[in-house]
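Please work through the exercises below with the sequence and the model at hand. Each task is followed by a solution in steps.

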Amino acid sequence: MGRWARRSGQPTIFSKIIARSVPATILECLVFCDVVPQAPIHFLVIPKRPIPRISRVGPQDAELLGHLLLVAARTAQAEGLADGYRLVINDGNHSTQSIYHLHLHVLGGQQLGWPPG
Ligand code: AMP
């Protein structure tokens, strides 16, 4: 078991942020700054519905997934990421996903390397 709840059935840290029992710097409804930023600007976009990971979504989630991308793009623009940014969704062990509540990472504010590690 990692630092955060994974598959235990317990609420994840993100559920607690939504419930306001864990503080976060919230940019807007379901967007907040990553507490361990990996770039000058690093925020997360999460759905309120606790989908555990991208590999578990289905056709019924299409509208929600589109909404998350739109919110990511709109927030990146609002954050001044005019020179570009990166969207990352980690899925499962090989990606080092640590919180099993679907989330988009949005990283920018500097030149990013490729390929990722
Ligand atoms: P992942 O490894 O893709 O599951 O990403 C989880 C992310 O959640 C990591 O980048 C963490 O730094 C971030 N994180 C964990 N707890 C918090 C918190 N309380 N507030 C904001 N970000 C968090």
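The exercises move from the chain as a whole to a helix, the ligand site, single residues and the backbone.

The model is predicted, so local features need pLDDT of at least 70 and side-chain atom pairs count only at pLDDT 80 or more, while totals for chains, interfaces and linings use all residues. Residues are numbered from 1 along each chain as its sequence is written, and side-chain values use heavy atoms, with hydrogens and water left out.

**Exercise 1. The chain**

Task: Determine how many helices and strands the protein chain has, and state their order.

Solution.
Step 1. Assign the elements as DSSP runs, numbered from the N terminus: helices are H or I with at least four residues, strands are E with at least two.
Step 2. This assignment yields 2 helices and 5 strands in the protein chain.
Step 3. Along the sequence, the elements follow the pattern α-β-β-β-α-β-β.
Step 4. Classify the residues by relative accessible area: buried is under 20%, exposed is over 50%, and partly exposed lies in between (1.4 Å probe, protein chains only). Of the 117 residues in the protein chain, 32% are buried.

**Exercise 2. Helix α2**

Task: Describe the span of α2 and identify which of its residues are buried.

Solution.
Step 1. Helix α2 comprises residues 62-78, 17 residues in number. Its expected span is 1.5 Å times one less than its number of residues. From first to last C-alpha, α2 reaches 24 Å, close to the 24 Å expected.
Step 2. The buried residues of α2 are Leu64, Leu68, Val71, Ala72, Thr75 and Ala76.
Step 3. These buried residues line one face of the helix, because they fall within an arc of 130 degrees when seen down the axis of α2; the arc is that of the directions from the helix axis to the C-beta atoms.
Step 4. An α-helix has 3.6 residues a turn, so residues three or four places apart point the same way.
Step 5. The face of α2 turned away from the buried side carries the exposed residues Glu63, Leu70 and Gln77.
Step 6. Consider Leu68 within α2: this residue is buried, with a relative accessible area of 2%. Leu68 and Ile46 are 22 residues apart in sequence, and their C-alpha atoms are 7.2 Å apart in space.

**Exercise 3. The ligand site**

Task: Establish how many residues surround the ligand and how they divide by residue class.

Solution.
Step 1. Count a residue as near a molecule if one of its heavy atoms lies within 4 Å of it. The ligand is surrounded by 17 residues, the closest being Asp34, Asn90, Ser98, His103 and His105.
Step 2. Ala, Val, Leu, Ile, Met, Phe, Trp, Tyr, Cys and Pro count as nonpolar, Asp, Glu, Lys and Arg as charged, and the others, Gly among them, as polar. The shell then divides into 10 nonpolar, 6 polar and 1 charged.
Step 3. Inspect the polar contacts, which are pairs of N or O atoms within 3.5 Å; within protein, one must be able to donate a hydrogen and the other to accept it, and residues adjacent in sequence count only if both atoms are side-chain atoms. Polar backbone atoms of Thr96 and Ile99 lie 3.4 Å and 3.0 Å, respectively, from an oxygen atom of the ligand. A polar side-chain atom of His103 is 2.9 Å from a ligand oxygen atom.
Step 4. Taken alone, the ligand exposes 500 Å², and the protein buries 90% of that (Shrake-Rupley method with a 1.4 Å probe; for residues, only the protein chains shown count as cover).

**Exercise 4. Asp34 and Arg53**

Task: Decide whether Asp34 and Arg53 are buried or exposed, and find a side-chain contact of each.

Solution.
Step 1. Asp34 is found in the loop between β2 and β3 and counts as buried at 16% relative accessibility. The Asp34 side chain reaches the backbone nitrogen of Val36 at 2.8 Å.
Step 2. Arg53 is placed in the loop between β3 (41-45) and α2 and counts as buried at 14%. Its side chain makes a polar contact of 3.0 Å with the side chain of Ser55.

**Exercise 5. The backbone**

Task: Which peptide bond is cis, and what is the phi of Thr96?

Solution.
Step 1. Most residues other than glycine have a negative phi, and most peptide bonds are trans.
Step 2. The peptide bond from Trp114 to Pro115 is cis, with omega near 5 degrees. Pro115 is found in the segment after β5 (104-108).
Step 3. Thr96, in the loop between β4 (85-88) and β5, has a positive phi near 70 degrees. Thr96 is exposed, at 59% relative accessible area.
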